[in-house]
Structures are given as C-alpha cells and as structure tokens.
Amino acid sequence: MADSPPRVERPLSPHLQIYRPLFTMMMSIVHRITGVGLYFGTILLVWWLLATATSRGAYDTFMWVAGSPIGLLVLFGFTWALLHHALGGIRHFMWDFIYGFGPKERVLLAKATLAGSVVLTVLLWIVGLALKG
Amino acid sequence: MSSSGHTPMRTPLGRVRGLGSAHSGTEHFFLQRVTALANLLLMIAFVGIVICLAGSTYEHARSVIGNPLVAVVLLLTLLSVSIHMRLGMQVVIEDYVHTEGTKVLLIIANTFFTTAIALAGAFAIIKISVGG
C-alpha cells in the first residue's frame, strides 16, 4: 500500500440539509437520538445496581440524586426515550414484514409512535407515583 | 464478528457475489432484530421491577433484586440490551465518523463501554443475590 493512488474526488450525494424536513424523517432521527440517549442512560442503571450492591450509604446517595428535581426529570426523559425507541422498534418490525410502507400508513405509524410514547410515559409515571404514595 | 471456525450469516446472493467489506452485515441486522425482540419482552418485566422499586428502602431493594426470578430477568435484560446497543452505536459511528483511525478507536471504545456496562451490572446483581 506504499504507493497507493491519490484519492479521487468523487461527487457526493446531497446530505440532510438539502431536504425539506418531513415528519417521518424527523421520527427516524428521533429514533436514533433516543437510542444514543438510552445507550448513555445505562450508566444510571448500572449506578443503581452497583450502589445497591455496595452499601446503604451508596444506595441512599443514588436515591437522593434520583429523587431530586433534576434526577426525576432525567428519569422521566429516560422513560419517554425508552418507550419511543421501543415503539419505533415495533414499527421497524412491521417494515421488516413489508407492512406499513403506504403514504398514509407510514405517517399514521409515525404519529402513533409519538402519541403512544407520550401517553404511555405519563401513564407509567401515574402508576409509579400512585403505588409509591 | 467472524472468528475462526465461525461462518458468518450471509444471504445467498451475498455469498455468491462475495462483495462487501465486512461480510457480516446480515448477521448484524439479524442480531439487532433478535435482541430488539428480546428487549421488548424483557422491558415489560423490567418496567414492572423498576416501578416496584421506585423510592424503596435499601432492604426492600436488595430483597427484590435478590429474588432469583428478578435477578435472572435483570441479567437477561443486561445481556440483550448491551448486545443491542453495541450494534446500534456501531452503526452510528460508521455513519458519522469517516476518519479511519478515529472510527476504529471509537468502535473499540464502544465494545469496551458496552462490555463494562454488562459486566458491572451483572456483577452487582449476582453480588446482591448470593454475596450478602
């Protein structure tokens, strides 16, 4: 590879900024963003497990952080990201079985994903807070 | 993905043409879907466990996580989620990072991170269950 030929400058296909934003496209981007968010969110999950395994003090520290306003906000966002990504995943399964590609279907599925994720998140928190209180 | 003695999963067309750089795209796709399905099933139990433990005392949290059924569900969740997120982040890196060296380093870091998450979580669960 010592004398590899100089790199040829080929024309590039247009990237994201040239397209008019579409609802389904935004939902696809959100699916990826929630995936990345959940990726780093697993640090919180492991913190919780390790703290519980370590000592009462470590557990209390985690619970104090998780119960603080910012902690609750992060956990609420984590819940929404999880549900949005899960529902988006179900949408991908439908596509895998060649269903839901029609112009109306795909917008309907995208709307159902967004609405479903918000409704389920609020429902889960109502259930969680009711059981706790 | 392909180690010695392991034949990567390939489509018949892909096998005939022999094109592509990694020869593991189909396997990547399939494993992503298999873990997605596992995640969906495990997530139902996981959400229930977390709601049950929200705001709980130290003793209660340890006794619930120490329950064999709960511990196994949490271990399976960690296994499936860590494989799924390793595959997902690999695609994100490959899509956006085009400098070869940085890309390879990030993909290695991705493997380190997801393995550490899985093992640290698993160790904690097992310690709570059997370590006292």
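Student: Which residues touch the most other members of the largest nonpolar core?

Tutor: Happy to start there, keeping in mind that this is a predicted model. The largest nonpolar core has 28 residues, and elements giving two or more of them include α2 (56-67) of chain A and α5 (100-131) of chain B. The residues that touch the most other members are Leu49(A), Ile65(B) and Ile125(B).

Student: Which element gives the largest share of this core?

Tutor: Several helices from both chains contribute two or more residues, among them α3 (69-96) of chain A and α3 (58-66) of chain B. The largest share is 7 residues, and it comes from α1(A).

Student: What does Leu49(A) touch, not counting residues up to four places away in sequence?

Tutor: Leu49(A) is one of the residues that touch the most other core members. Its partners here are in chain B: Gly121(B), Ala124(B) and Ile125(B).

Student: Are α1(A) and α4(B) perpendicular or oblique to each other?

Tutor: Let's take the axes of α1 (residues 23-54) of chain A and α4 (residues 68-96) of chain B, which come within 10 Å and cross at roughly 130°. Angles from 65 to 115 degrees count as roughly perpendicular and those over 145 as roughly antiparallel. The crossing angle therefore makes α1(A), relative to α4(B), oblique.

Student: Is Lys132(A) buried or exposed?

Tutor: Lys132(A) sits in helix α4 (residues 103-132) of chain A, and beyond its sequence neighbours within four places it contacts Ala54(B) and Gly55(B). A residue with 12 or fewer other C-beta atoms within 10 Å counts as exposed. Lys132(A) has 12, so it is exposed.

How values were computed: Residues are numbered from 1 along each chain as its sequence is written. Chains are lettered from A and ligands numbered from 1 in the order in which they are written. This is a predicted model: local features need pLDDT of at least 70, side-chain atom pairs count only at pLDDT 80 or more; totals for chains, interfaces and linings use all residues. Axes are lines fitted to C-alpha atoms, for helices over the stretch in contact, and angles run from 0 to 180 degrees between N-to-C directions. Helices (H or I, at least four residues) and strands (E, at least two) are DSSP runs, numbered from the N terminus. Angles under 35 degrees count as roughly parallel, over 145 as roughly antiparallel, 65 to 115 as roughly perpendicular and the rest as oblique. A nonpolar core is a set of buried Ala, Val, Leu, Ile, Met, Phe, Trp, Tyr and Cys residues joined through C-beta atoms within 7 Å. A residue is buried if 20 or more other C-beta atoms lie within 10 Å of its own, exposed if 12 or fewer, and partly exposed in between; C-beta atoms are placed from the backbone. Two residues are in contact if their C-beta atoms, placed from the backbone, lie within 7 Å.
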